[in-house]
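Welcome, and please open your viewer so that we can walk through this model together. At each stop you will hear what to select and what is there.

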Amino acid sequence: PADTGGEEIPMRRASGRSGFRIGAISERYGIHPQTLRMYEREGLLRPSRTEGNTRVYDPETVDRLEIILTLTRHLGVNLAGVEVILHMKERMEKMQGEVQQVLTALRQEAESRRGSVRSLALTRVERGTLVRR
């Protein structure tokens with residue numbers, strides 16, 4: 001099967017997830033297939049492959065392409081800048097995930113402690129009085 005097929009029919013990758021051929025993505029976004037291949041060589045896109053080695057663009061890869069095209073076409077960012085921005089975006093998403101894990105752990109700890117709260121008695125203390133317990 002040729003890698004430049006323009007079919008918009010979803011394909012199944014070896015992993016079982018669907019996606020689109022390079023030709024369909026090329027037509028949809030008005031970008032030459034060679035440009036998509038260059039983005040892949042530069043490490044900006046990572047389309048998966050079928051068992052026949054055909055590139056398959058899944059929704060996550062298409063979202064990433066849309067970011068690349070917005071940065072280059074509308075904001076004038078060069079490919080080196082795109083790479084930096086995408087790397088920073090990945091790091092921020094990773095950190096957000098880590099923060100969510102910490103918050104989840106804190107919530108779970110707070111919930112577990114709620115059931116074991118001890119009651120504390122308040123004692124009136126006169127000024128200047130030393131109280132020992």
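## First stop: two packed helices

Select helix α3 (residues 59-74) together with α4: the two pack at an angle of about 135°, with their axes 10 Å apart. Axes here are lines fitted to C-alpha atoms, for helices over the stretch in contact, and angles run from 0 to 180 degrees between N-to-C directions. Two packed helices are described by the angle between their axes and the distance between the axes. α3 and α4 are therefore oblique to each other; angles under 35 degrees count as roughly parallel, over 145 as roughly antiparallel, 65 to 115 as roughly perpendicular and the rest as oblique. Turn the view and you will find that α3 passes α4 in a right-handed crossing. A crossing is right-handed if the near helix is turned clockwise from the far one by less than a right angle, and left-handed if anticlockwise.

A word on the model itself: it is predicted, local features need pLDDT of at least 70, side-chain atom pairs count only at pLDDT 80 or more, and totals for chains, interfaces and linings use all residues. Residues are numbered from 1 along each chain as its sequence is written, and side-chain values use heavy atoms, with hydrogens and water left out.

## Zoom out: the whole chain

Now colour by secondary structure. The chain has 4 helices and 4 strands, where helices (H or I, at least four residues) and strands (E, at least two) are DSSP runs numbered from the N terminus. Starting at the N terminus, the order is β-β-α-α-β-β-α-α. Of the 133 residues in the chain, 29% are buried (buried means under 20% relative accessible area, exposed over 50%, partly exposed in between, with a 1.4 Å probe and protein chains only).

## Second stop: salt bridges

Show the charged side chains next. Side chains of opposite charge can pair when their charged atoms come close. A salt bridge here is a side-chain nitrogen of Lys or Arg within 4 Å of a carboxyl oxygen of Asp or Glu, and by this rule the count comes to 6.

Which residue forms a salt bridge with R46? Select E90: the closest N and O atoms of this pair are 3.5 Å apart. R46 sits in the loop between α2 and β3 and E90 in helix α4, so the pair ties together parts that are 44 residues apart in sequence. R46 is exposed, at 52% relative accessibility, while E90 is partly exposed at 30%.

Keep E90 selected and add R64, since E90 also forms a salt bridge with R64, the closest N and O atoms being 2.7 Å apart. This pair links helix α4, which holds E90, to helix α3, which holds R64, across 26 residues. R64 counts as buried, at 16% relative accessibility.

Then pick E40 and R49, whose closest N and O atoms are 3.3 Å apart in another salt bridge. R49 is partly exposed, with a relative accessible area of 29%. Add R55 to the selection to see E40, R49 and R55 linked in a network of salt bridges.

## Third stop: prolines and a loop

Is P47 buried or exposed? P47, in the loop between α2 (33-41) and β3 (48-49), counts as buried at 8% relative accessibility. Draw a C-alpha to C-alpha distance from P47 to D58: they are 7.2 Å apart in space and 11 residues apart in sequence.

P33, in helix α2, is also buried, with a relative accessible area of 15%. From P33 to I22 the C-alpha to C-alpha distance is 6.4 Å, with their positions 11 residues apart in sequence.

Move on to N53 in the loop between β3 and β4 (55-56). Most residues other than glycine have a negative phi, and most peptide bonds are trans. Phi of N53, however, is near 75°, a positive value.

## Last stop: L106

Finish at L106 in helix α4 (residues 79-114). L106 counts as exposed, at 54% relative accessibility.
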